[in-house]
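Trainee: I should be grateful for a close look at a single part of this structure, namely the open sheet. Please explain how its strands are arranged, and then place that part beside the contacts made elsewhere.

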Amino acid sequence: MKLREYEAKKVIKEYGIPVPAGFLIRSADELPAHIAELGDKCVLKAQVDVGGRGKAGGILMADPTNAVATARELFGKKIKGLPVKEVLAEERLDIQHEYYLSITVDRSTKQPLILFTDAGGVDIEITAKEHPDAIRKVTANPLMRDIPPFLLRELVGTAPKEIGGIINKLYRVFLEKDALLAEINPLVTTTKGVFAADAKIIVDDNALTRQGFTVNRDLTDREREAEKYGFSYVELDGAIGVIGNGAGLTMSTLDLIEFYGGKAANFLDVGGGAESERVMHAVRLVASVPPVKVIVVNLLGGITKCDEVAKGIIDANIHQKVIVRLAGTNEAEGRAMLRAKGYEMLNTMDLVVKKAVEVAA
Amino acid sequence: MIYGDRKTGVLVQGATGKQGEFHIGLMNAYAKQVGARGVVAGVTPGKGGKEVHGVPVYNTVKDAMRDHDISASVIFVPAAAAADSIMEEANAGIQTIVAITEHIPVHDTMKAIAYAKMEGCSVIGPNCPGLLSPGEVKMGIMPSGLFSRGNVGVISRSGTLTYEVVDELTRAGIGQSTVIGIGGDPVIGQTFVDVIARFENDPQTKAVVLIGEVGGNLEEEGANATDMPIVAYIAGISAPPDKRMGHAGAIVEGGEGDARSKIARLKKAGVPVASRPSEIPAMVRGLFKSC
């Protein structure tokens, strides 16, 4: 789950990384009470859960004379379709130089990967392509609580030495907050020292509970409902509902829909060993999305029992057509139950998907 | 076979839980069928002295190791304690650790894998179905009825999709040497590179089927590190960016790890890529003809 900028800044500030003076407001009227804290020029930043907000008009410059009006303008906007409900008001820094700093999980080395470059403030993906030599990278041993000084020196190079301390503080944040990403872009030098002008933290969804989060904000309402039943669910925009067991098989079913020229409405993985009630909820959940015309159920039973699946499909009792591919444990029983109720069954993934694409067309 | 054979003594951690108990039964039914040792001991702290399907349960891995010859283990422990189980087994000297558990926080996994590496042992998973070498050994939860013995190795980040492909291969008369699910998490112990290196040293394995998905670039790394004949399939060509597709590791992020660029890189490395699972058997036959 992605933390908002003001949340990420609060976290890194607790770890001793300097951030600009600032405060969060939920309406323009809250601004005058504290505006004096921001000095003679400020920046207003929309706190929306979407990337690229600067280019989308979500960051506005102001000074004390026009700040309230500018804040009103920002609160009236939609940034990439999202309403602005929170704005971070900050002092505007006199930036001398911008750096980029991030810590991620590196799949190849299975270790935290720290990236630092003098060419900050811009899109790091572009820098990575155009000037790969400008990016310094090291991996750290996850069993150590600190990055050894020699690695910090390697990262910092000729940049101000105090940045080494900031990198290590961000590493502590990364470890202790279960982050998949901890990023400061840009990290800036000013006459008053080094500051994190922006900050981004993504917390591991599998660690939300121990980090004290009760809901995953990144999920839509329907995705959250699916999570309650233990499904992995992703909303898409086609008319063919998909239910599978196992992430790979379900993804592959989606791909096959595209292969045969159709569009999937969703990804739903019911997980292993699904009982009839869970299957029923899965079918109803997928059927509740308005554009869904037909549902493909593709289940390969190992632990999953086909008769349980069949009962779940029948109990869901939805009006859309359900096309079923069932294989594995208790296959004959499951098939007999569905056949008795007139459900269409086909033997392979290719056949069920092809049929569903025809029905949806 | 790789990682184990009929002589391998297997330990199960989380032996008295619902999953552990169920799969000890299935693993030992398979062991009996092929004449293997199978699961010889279980571990659940506080449940020492109990039995599960006739398998003795111990309080600690070290206790179990004192009484039995054990070189591999399968972990069914819940996510909050699973990383600790990996480290306990590595510390006790188990060589191959299969972690079935899903939803382990990635920082716990990183630490456990770093620790296991220090102890010189191999971790398969987490969030994986384990492995099965037909006629030899089953360590995990794969449905053995679909498998047949032969000389194609299968490596996958998935569970049921692997069974789908194995089913297709078996129906087409193509047997498997070892089928291994390496896990759907972003950080996993044995990667494609490690497993392919084992297949290279395995006289039984003549060709490899590599089943990947969106997220990261471990598939390409694996394909680039070997001269073995490979057929690949990548799931998730229709996956939208920045959405986790069921597996914690199945995500296209920062414009990286999408299926199309993976497929392009595999093809560039000379690996034929199937556009759907049902094409795989014919492509495997094609490999055998050309080599």
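Mentor: In this predicted model, chain A contains an open sheet built from four strands, which follow one another in the order S1-S6-S2-S3 with antiparallel pairing. Strand S1 (22-25) and strand S3 (59-62) of chain A stand at the edges; each has a single partner strand, and therefore one side of each is left without a neighbour in the sheet. From one strand to the next, the twist averages 20°. In general, the strands of a sheet pair through backbone hydrogen bonds, in either a parallel or an antiparallel manner. Consider the pairing at one edge: strand S2 of chain A, residues 42-46, is joined to S3(A) in the antiparallel sense over four bridges. Within S3(A), Ala62(A) is the residue that stands opposite Cys42(A).

Let us now turn to the contact between the chains. Chain A contributes 41 residues and chain B contributes 46 residues. On the side of chain A that touches chain B, the elements giving two or more residues are strand S13 (232-235), helix H7 (247-259), strand S15 (266-269) and helix H11 (349-360) of chain A. The largest share, eleven residues, comes from H7(A). By character, this side of chain A divides into 19 nonpolar, 13 polar and nine charged residues.

Chain B, finally, has a contact within itself. Its domain assignment gives domain 1 (9-124) and domain 2 (142-290), and 26 Å separate their centres, taken over C-alpha atoms. Nine residues of domain 1 of chain B are in contact with eight residues of domain 2 of chain B.

Notes
Residues are numbered from 1 along each chain as its sequence is written. Chains are lettered from A and ligands numbered from 1 in the order in which they are written. This is a predicted model: local features need pLDDT of at least 70, side-chain atom pairs count only at pLDDT 80 or more; totals for chains, interfaces and linings use all residues. Two strands pair if DSSP finds at least two bridges between them. Axes are lines fitted to C-alpha atoms, for helices over the stretch in contact, and angles run from 0 to 180 degrees between N-to-C directions. Two residues are in contact if their C-beta atoms, placed from the backbone, lie within 7 Å. Ala, Val, Leu, Ile, Met, Phe, Trp, Tyr, Cys and Pro count as nonpolar, Asp, Glu, Lys and Arg as charged, and the others, Gly among them, as polar. Domain bounds come from an automatic or database domain assignment.
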